[in-house]
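Student: Could you walk me through this structure? I'm new to this, so plain words please.
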Amino acid sequence: MNIDLIKQKSGIIGESDGIKQVLEMVGQVANVDISVLINGESGTGKELVSKAIHLGSKRSLKELVVVNCGAIPEGIIESELFGHKKGAYTDASDTRKGYFETADNGTIFLDEIGDMPLETQVKVLRVLESGEFMRVGDSKTKKTDVRVIAATNKDLGKLVKEGKFRQDLYYRLKTVTINIPPLRERKNDIRLLVDRFALQFSRTNNIKYKGFTPEAIKTMHQFSWPGNIRELRNFVESILILQKGERITADMIENQLLDEDDTQIKNDSLPVVINRDPDQAERELILRQLLYLRQDIEELKLMMKESNFSELNSMRNINPNFDSTIQNNEIISQNDNLIKGDVIGAFNTKDLEKEMIIRTLEHFNNNRRAAAKSLDMSERTLYRKINDYGIEKKIKKTH
Ligand SMILES: Nc1ncnc2c1ncn2[C@@H]1O[C@H](COP(=O)(O)OP(=O)(O)OP(=O)(O)O)[C@@H](O)[C@H]1O
Ligand SMILES: [Mg+2]
């Protein structure tokens, strides 16, 4: 299929060499019934490319079933993928079809394949090789005719070396690999993407749109866009809300980027999803208070460290037992990266923060901008922490 047709059908935008290569690959493999592995950072368009492949194949009239392997709890992933028989386990009151059966004659998109448990990988390999699978709790083999497209932002080769991904499945999948370059390596797509997103957003929300100045676009070239196209889209949408109906200038872009970079984001107009049950909301509130408490303690400690030691010396003169008090404090502080309490158990600051970030991202439907604002940190800090804690994929919604 030719590139223009693929673009038209899938909505993929871009003129850069990077995206052209991706589109050429899609054109070459779409109509060949072979599994495909898509590699790319978060927000680079992996799901969109899988859609393009499906739409360009002879299976396009059948379903494209999207499964986020990272979001399904390990305990139920096999029943989700392959279905289960009535009575297979306590909650299985009905026989149920799995995604592989639903996708019969169509395509299945296994997103975050790197997060799939090893035992499940064996079963997926079997489907890939023979089309055969079994529902959980069943002893009859079933058949399905499914094309598999898998995606990951992880280095599967590395996971194989670490024993976290099966080598046989890796070899089977990687024959056709499409690497989607990050946005910072195809910056000349920014203008096209910005135009499209701005037009779409202003139309659906009835906002006046007077365009971006060429300098504004140039300024956007200077940012590294760690969240790639998704981040760019969010950025465009929030700047249109903030600068209601104005032509967007380089200054506006810079201010907005700086705002996010430094301290707080001053954007209160972003949509917020509030659909938590009261219990959950309360737990989150407590967790958040703990995090703040911990941050306060850390600040206090720092202040104490920096305070003048002469003060301590004068205390020594007044109170001869002062040194033993300090020693006690030191013993306590050996464990002070833990917050302790009967109710909450022992919490490591990092665990606490990680947990807080995961929950906040979930709460805001993975909208990082809103999450960063709510967590009172810059979006860039949030990105870094997401990377540091390796949270990336576990927070995505199941399809
Ligand atoms: N080349 C592109 N042209 C137009 N829109 C794009 C392009 N690439 C990505 N998008 C849009 O950016 C958003 C993110 O894309 P997508 O969900 O496919 O990324 P992803 O790689 O699957 O991200 P993640 O790893 O976070 O799941 C979507 O709204 C998608 O439509
Ligand atoms: Mg995705």
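Tutor: Let us begin with a term: helices and strands are DSSP runs, a helix having at least four residues and a strand at least two, and they are numbered from the N terminus. Please keep in mind that this is a predicted model.

Student: Okay, so how many helices and strands does the protein have?
Tutor: There are 18 helices and nine strands in the protein. Of its 399 residues, 31% count as buried, and among contacts with a separation of 6 or more, 75% are between residues 24 or more positions apart.

Student: Which strands pair with S3?
Tutor: Strand S2, residues 64–68, pairs with S3 in the parallel sense over five bridges, and S6 also pairs with S3 in the parallel sense, over four bridges. Leucine 110 is a useful residue to follow here, since it stands opposite valine 67 and has alanine 150 as its bridge partner in S6.

Student: And is S3 covered or open, with how many of its residues buried?
Tutor: Strand S3, which spans residues 107–111, is mostly covered, with five of its five residues buried. Thr107, Phe109 and Asp111 point one way from the strand, while Ile108 and Leu110 point the other way, and all of them are buried.

Student: What about S1, which strands does that one pair with?
Tutor: Strand S1, residues 36–39, runs parallel to S6, residues 147–152, and four bridges join the two; in that pairing isoleucine 38 stands opposite alanine 151. S1 also pairs in the parallel sense with S7, residues 177–179, over three bridges, and there asparagine 39 stands opposite asparagine 179.

Student: New topic: how many residues are in the largest nonpolar core?
Tutor: The largest nonpolar core has 41 residues, and Val67 and Ile108 are those with the most contacts inside it. If we leave aside neighbours within four places in sequence, isoleucine 108 is in contact with Val65, Val67, Tyr99, Phe100, Ala103, Val146 and Val148. Apart from that core lies another of 17 residues, which include Ile190, Phe223, Val236 and Ile248. As a general point, nonpolar side chains in soluble globular proteins tend to be buried together.

Student: There's a ligand too. Which residues are closest to ligand 1?
Tutor: The closest are Ile13, Gly45, Lys46, Glu47 and Ile229, out of 17 residues that surround ligand 1. By class, this shell has five nonpolar, eight polar and four charged residues.

Student: Where in the protein do the shell residues come from?
Tutor: Helix H3 (46–55) and helix H11 (228–242) each supply at least two of them. At the level of domains, the shell draws at least three residues from each of domain 1 (3–181) and domain 2 (184–261).

Student: Last thing: which residue in the loop between H9 and H10 has a positive phi?
Tutor: That is asparagine 206, whose phi is positive at about 55° although it is not a glycine, and it is found in the loop between helix H9 (190–204) and helix H10 (214–221). Most residues other than glycine have a negative phi.

Student: Is asparagine 206 buried or exposed?
Tutor: Asparagine 206 counts as exposed because it has 6 C-beta neighbours inside 10 Å, and the cut-off for exposed is 12 or fewer. Aspartate 376 also has a positive phi, near 65°, and lies in the loop between helix H17 (368–374) and helix H18 (379–388). With 13 other C-beta atoms within 10 Å, aspartate 376 is partly exposed.

Technical notes: Residues numbered from 1 in each chain as written. Chains lettered and ligands numbered in written order. Predicted model: local features only at pLDDT ≥ 70, side-chain atom pairs only at ≥ 80, totals over all residues. Near = placed C-beta within 6 Å. Nonpolar A, V, L, I, M, F, W, Y, C, P; charged D, E, K, R; others polar. Domains from an automatic or database assignment. Pairing = 2+ DSSP bridges. Core = buried A, V, L, I, M, F, W, Y, C linked by C-beta atoms within 7 Å. Buried ≥ 20, exposed ≤ 12 C-beta atoms within 10 Å, placed from the backbone. Contact = placed C-beta atoms within 7 Å.
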